[in-house]
Amino acid sequence: MVSVAIMGHGVVGSGVAEILTTHKKKLFASIGEEVYIKHILDLREFPDSPLADRFTKNFDDILNDVEVEVVAEVMGGINPAYDYTKKLLKAGKSVVTSNKELVAAKGAELLAIAKENNANFLFEASVGGGIPIIRPMHQCLVANNVKEVAGILNGTTNFILTKMIAEGMDFDEALKLAQDLGFAERNPEADVEGHDACRKICILASLAFGKHVYPDNVHTEGITKITLEDVKYAASFKSVIKLIGKVKVLDNGKMDILVAPMLISKKSQLANIDYEFNGIMVRGDCTGDVVFYGKGAGKLPTASAVVADIIDCCKHLKTRKYLYWADGTSENILPYNESETAVYLRLSAVDRETVINKAKEIFGEVTVITYEGANPNEVAVATPVMTIQDVESKVALLENDNINVLSKIRIGDL
Ligand code: HSE
């Protein structure tokens, strides 16, 4: 029997307890012994839980219990998760987590502590919910030089955008629904402002390129400025709008990394990934593109990945799995202004002809986009590819001519 503890009994934590209970036989068969939940840490009371006798409010009950060998940290947030995880690893216990904020902020340090103490620190559930992505990247794709990773990494925003695109639902209503379904973070700003997707692309970039990428060094935009008009213009441009996290390693070794909404061609493999589903494309030099798809949020999909890590730790109690990356700095990141893209611009236009000519004069060969029923006092264009610095200076020229930029969204090349 292997004794485990679960820290946190929220959406994911209760899912972990549920799977360990309902899938007991299946899990027994996979490691040849029982996985026994000895403690569940939570400050709240759960008197009606079938595991009510295992609850504790005291972290030391877990830390000081020599029988507990594997701990699932599913509390979320940096504190006290960081402090607890460090103490557990230093005590030689393996820790698995779904906490992307923790891994993105402290991954290099926690992996180093795990290494020093011959323990495992695994985090499959931190990216892509139920989709296997961490293990495939560091095991199955290890023979590749990964050139680029790009994906839809946040279920909540993808759910909102899908509801807006497919049903014309308004933003706030779609967000409320995502919260009710348990996809959204406790503070949904982390979802809609892109921070959650940023943490996830940082984890994937660190894994792919071996150096920690910190969220503070990554340009991040959310979806709060996307309007139904943008969605309609995008459709007429044979595209959909998706929140994309993307990292590409350039010839000079720098990472071009960002999170932003993008117009994605309907032909792209990422275009039809809807609702709370995530899709992640990994471009390897041997494999070409490999795409991972599945439920990126929700209780049981995420808990399934946590349980898989628990089982992996149970199978490797005496050995350490080699999962490691070194610390990193902003020196490894391309300054955002130097990154290149085409953009979609929605412009105010008292006179359409004049604005189109002005846009052509400033940006060069632009494609004019329209749809039936579009506001006659607006012009939408797609620009050629240029640096963000050039986009910004050209937008300033438009604004000097009293043309308001109502929307500015990158056009992805995925
Ligand atoms: N809030 C996150 C999302 C949960 O919507 O993707 C899964 O990480």
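**Helix 8, cavities and pockets**

In this predicted model, Asp-172 and Asp-180 are exposed on one side of helix 8. The opposite side of helix 8, which spans residues 171-180, carries the buried residues Phe-171, Ala-174, Leu-175 and Ala-178. These four lie on the same side of the helix because they cover an arc of only 100° around its axis. An α-helix has 3.6 residues a turn, so residues three or four places apart point the same way. The cover over the buried residues of helix 8 includes helix 7 (155-167) and helix 9 (189-192). After helix 8 comes Gly-182, which has a positive phi, near 80°.

Two cavities of 30 Å³ or more are present in the structure. The largest has a volume of about 50 Å³. Its lining consists of Leu-122, Phe-123, Glu-124, Ile-134, Arg-135, His-138, Asp-309, Asp-312, Lys-321 and Leu-323. Helix 6 (134-140) and helix 12 (299-315) are the elements that give two or more residues to this lining, and helix 6 gives the most, with three. Five residues of the lining of the largest cavity are charged, four are nonpolar and one is polar.

The second largest cavity has a volume of about 30 Å³. The residues that line this second cavity are His-212, Val-213, Tyr-214, Asn-217, Met-255, Gly-328, Thr-329, Asn-332 and Ile-333. No charged residue is found in the lining of the second largest cavity, which has five polar and four nonpolar residues.

Open pockets were also computed. The largest pocket holds about 1100 Å³ of space. It is lined by 49 residues, and those closest to its centre are Val-74, Met-75, Gly-76, Glu-185 and Arg-186. Two or more lining residues come from each of helix 1 (11-22), helix 5 (100-116), helix 7, helix 9 and helix 10 (195-209). Helix 10 provides the largest share, four residues. Helix 7 and helix 9, which contribute to the lining of this pocket, are also among the elements that cover the buried residues of helix 8. By class, the lining of the largest pocket comprises 22 polar, 15 nonpolar and 12 charged residues.

About 430 Å³ of space lies in the second largest pocket. Among its 21 lining residues, Glu-221, Lys-225, Pro-261, Lys-408 and Ile-409 lie nearest the centre. Strand 8 (219-220), helix 14 (388-400) and strand 17 (405-411) each supply at least two residues of this lining. Strand 17 gives the most, with six residues. The lining of the second largest pocket has nine nonpolar, seven charged and five polar residues.

How values were computed. Residues are numbered from 1 along each chain as its sequence is written. This is a predicted model: local features need pLDDT of at least 70, side-chain atom pairs count only at pLDDT 80 or more; totals for chains, interfaces and linings use all residues. Side-chain values use heavy atoms; hydrogens and water are left out. Buried means under 20% relative accessible area, exposed over 50%, partly exposed in between (1.4 Å probe, protein chains only). The arc is that of the directions from the helix axis to the C-beta atoms. Contact means heavy atoms within 4.5 Å. On a 1 Å grid over the protein atoms alone, a cavity is a set of points where a 1.4 Å probe fits but cannot get out, and a pocket is an open set with protein on both sides within 12 Å along at least five of seven lines; lining residues have an atom within 4 Å of a point. Grid points are joined across faces, edges and corners, and a volume is the space filled by probe spheres set on the points. Ala, Val, Leu, Ile, Met, Phe, Trp, Tyr, Cys and Pro count as nonpolar, Asp, Glu, Lys and Arg as charged, and the others, Gly among them, as polar.
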